Amino acid sequence: MDNGETGADRLDFIREIIRSDKADGTHAEIVTRFPPEPNGYLHIGHAKSICLNFGAAEEFGGRCHLRFDDTNPIKEELEYIDSIQEDVRWLGFDWGENLFFASDYFEQLYQWAEALIEAGKAYVDDLSAEEIRAYRGTLTEPGRESPYRDRGVEENLDLFRRMRRCEFADGARVLRAKIDMAAGNINLRDPVLYRILHAHHPRTGDAWCIYPTYDFAHGQSDAIESITHSLCTLEFEGHRPLYDWLVDNLPVPSRPRQIEFARLNLNYTVMSKRRLLELVQEGQVKGWDDPRMPTLSGMRRRGFPPAAIRDFADRVGVAKRDSVVDVALLEHCVRTDLNHQAERRMGVLRPLKVVIENYPEGREEELEAVNNPEDPAAGTRMVPFSRELYIERDDFMEDPPKKFFRLAPGREVRLRYAYFITCREVVKDADGNVTELRCTYDPETRGGDAPDGRKVKATLHWVSAVHAIPAEVRLYDHLFTRPDPGADGSLLDDLNPNSLVVLDGCRLEPALAGLSAGELVQFERLGYFCVDPDSTPDRPVFNRTVTLRDTWAKVKARG
RNA sequence: UGGGGCGUCGGCAAGUGGUAAGCCACCGGUCUUUGGAUCCGGCAUUCGCAGGUUCGAAUCCUGCCGCCCCAGCCA
């Protein structure tokens, strides 16, 4: 373990419950589960749940199941089942043999439904959806009982069996639990257990035309799998009494406990599947794996290491308070991980030509550069140097303000791992734009140090013009301009028009050629970048994963 | 004038009657061939508010106030 010192023995309230249940013998083995519905791609919010469920199980020597909550065929697809498994694995977790589907339990669930009918605790209701809503009452008024509520067991059984045999149309009837239409908790006002859906299910095909609701499937599925702690988000708190009612009134093989925690919210982004889907469908982003998306596939493409996401989940903690976490914390976790693992390279995003007037034409040499100052084992590489170079346009100012200590007319700076150079002349085009810098170098400073001990205040990254490889670089920023997108008005109004900036004509050092998709590097002084899948051997494409901390940008912004 | 939750630093979050951890952010400084990293220091006399109990309260009691969730045959 790398960290964990901070609060090493401080457990969140859920782990505290688990610890206690194990200590007092309530449970000999801890079993949790991550239960996504296969109706979309996983996002960073799911990552919190995955890390909690798999993490806690592992910490207490138990196991965690991956269970697809596929009870609504209308929204679910095989594509999502596949992507979810890929994402969970990528995050670093392994469910082993414990892959399950709520649909595997459809027959058992059906049998339990009949048992409930036989016990007089469920009935078939002929009311329409609208009527059921009207009969349910409101938050402050009790509901009314359905006229079909007191049907006899035989009639209910007959009707329910015919529902299964697909004798009725969608919506014609439902199976309801008989609990209490006057309950303060609306979830207890005879909740729907089964509905008729003539829909093709991604796994059971056309075997069924009635499907259990979430409420009728979840707790029982947990019980079947011997889940000890069923962790879910806060909005299910009101469902817990129903969860318990079902588990208590059915002959299930175990007694799981539901515990709720706050879902993850991040500023400058949205997390709801509905809104993410909108962004994809309206073409605001290029897909679920657009590097700006908070999806795991987007973050993977962006270059976020899974270890950084796990670290983030740890640092965010688990509690019951509604909260919004600063995306800066996520970025910090990404930088911390990458700082240790990413090799350094030089790349110029916005090239400005520099000609070293006193460097012989046609001559070239190779200079040794450190691959990763954080990791000596990463070794060194050779970087070609010649008379014509490119430096970053941002690293030169003709009329620099006081705190700018990069290149300027008459000023001397260091080219990293190379020489000190001094700017002698600024060449401009007819419009007055700087097109080239004429400089001289000091041969005595090879490698970056001056024998006479003189210092320079800046070190610039650079690339040799003839040796450089051209590349496309994509820069990303927050998808939205405000921390709470859509808070007052349309979500689209808050879209950040500069969330993606594509730079063409970037110039990279030769060592950056031939990398494969997903490889991560630091471009010195600029940030961490990874190779995008769009990359081809003659057309490298890099994504900027995250910038480096930029103190100068802050100083500059302050004026 | 229903039911269920939650209110501790700008953002997360420990704390469970003994006198406010930590992290991110931010602000200084050190160091530096990345204005990166590192290292050092600063950052809640106060825990939604008001009373009360107590030698002692963020922690217990009472009353207010605020925010979130629930009226899908979604999950």
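The lining of the largest pocket in this predicted model comprises 19 nonpolar, 14 polar and 14 charged residues. The volume of this pocket is about 1400 Å³. It is lined by 47 residues, of which His 43, His 46, Glu 235, Arg 263 and Lys 273 are the closest to its centre. Two or more lining residues are given by each of the elements β1 (31–34), α2 (44–59), α7, β8 (229–233) and α9 (273–281).

Helix α7 (residues 214–224) also takes part in the lining of the largest cavity, to which it gives the largest share, four residues. The search of the whole structure returned one cavity of 30 Å³ or more. The space within the largest cavity is about 40 Å³. Its lining is made up of Tyr 214, Asp 215, His 218, Gly 219, His 239, Tyr 243 and Gln 258. By class, two of these residues are nonpolar, four are polar and one is charged.

RNA strand B is surrounded by 68 residues, and the closest of them are Arg 10, Arg 321, Arg 406, Arg 416 and Gly 447. Of the atoms of RNA strand B that come within 4 Å of the protein, 62% belong to sugar and phosphate. The surface near the strand consists of 22 nonpolar, 20 polar and 26 charged residues. Polar side-chain atoms approach sugar or linking oxygens of RNA strand B at several residues. For Arg 416 the separation from such an oxygen is 2.4 Å, for Asn 339 it is 3.1 Å, and for Lys 75 it is 3.5 Å. The elements that contribute two or more residues to the surface near RNA strand B are α5 (129–135), β6, α11 (306–316), α12 (327–341) and α13 (551–558).

One disulfide was found in the whole structure. A disulfide is a covalent bond between the sulfur atoms of two cysteines. Here the partners are Cys 166 and Cys 209, with 2.3 Å between their sulfur atoms. The angle about the S-S bond is -120°, and the link is left-handed. The disulfide joins distant parts of the chain, since its two cysteines are 43 residues apart. Cys 166 lies in the loop between α6 (153–164) and β5 (174–177), whereas Cys 209 lies in the loop between β6 (192–196) and β7 (210–212). The two partners can be set side by side in terms of accessibility. Cys 166 is partly exposed, at a relative accessible area of 35%, while Cys 209 is buried, at 2%.

Other cysteines were examined for possible partners. The cysteine sulfur closest to that of Cys 232 belongs to Cys 64 and is 14 Å away, so the two are too far apart for a bond. Cys 232 is buried, and its relative accessible area is 11%. For Cys 530, the closest cysteine sulfur is in Cys 506; the distance is again given as 14 Å, which is too far for a bond. Cys 530 counts as buried because its relative accessible area is 1%, against a cut-off of under 20%.

Positive phi values were noted at two residues, Asp 190 and Tyr 417. Asp 190, which is not a glycine, has a phi near 50°. This residue is in the loop between β5 and β6. Asp 190 is buried, with a relative accessibility of 0%. Tyr 417, also a residue other than glycine, has a phi of about 65°. Its position is in the loop between β16 (412–415) and β17 (420–428). With a relative accessible area of 15%, Tyr 417 is buried.

A further feature concerns Arg 507, a residue of strand β22 (residues 500–508). The C-alpha atom of Arg 507 is 7.0 Å from that of Pro 351, although 156 residues separate the two along the chain. Arg 507 is partly exposed, its relative accessible area being 23%.

Notes. Residues numbered from 1 in each chain as written. Chains lettered and ligands numbered in written order. Predicted model: local features only at pLDDT ≥ 70, side-chain atom pairs only at ≥ 80, totals over all residues. Heavy atoms only, no water. 1 Å grid on protein atoms, 1.4 Å probe; cavity = no way out; pocket = protein on both sides within 12 Å on 5 of 7 lines; lining within 4 Å. Points joined across faces, edges and corners; volume = space filled by probe spheres on them. Nonpolar A, V, L, I, M, F, W, Y, C, P; charged D, E, K, R; others polar. Disulfide = S-S within 2.5 Å. Buried < 20%, exposed > 50% of the residue type's maximum accessible area, 1.4 Å probe, protein only. Near = heavy atom within 4 Å. Polar contact = N/O pair within 3.5 Å; in protein donor to acceptor, adjacent residues only side chain to side chain.
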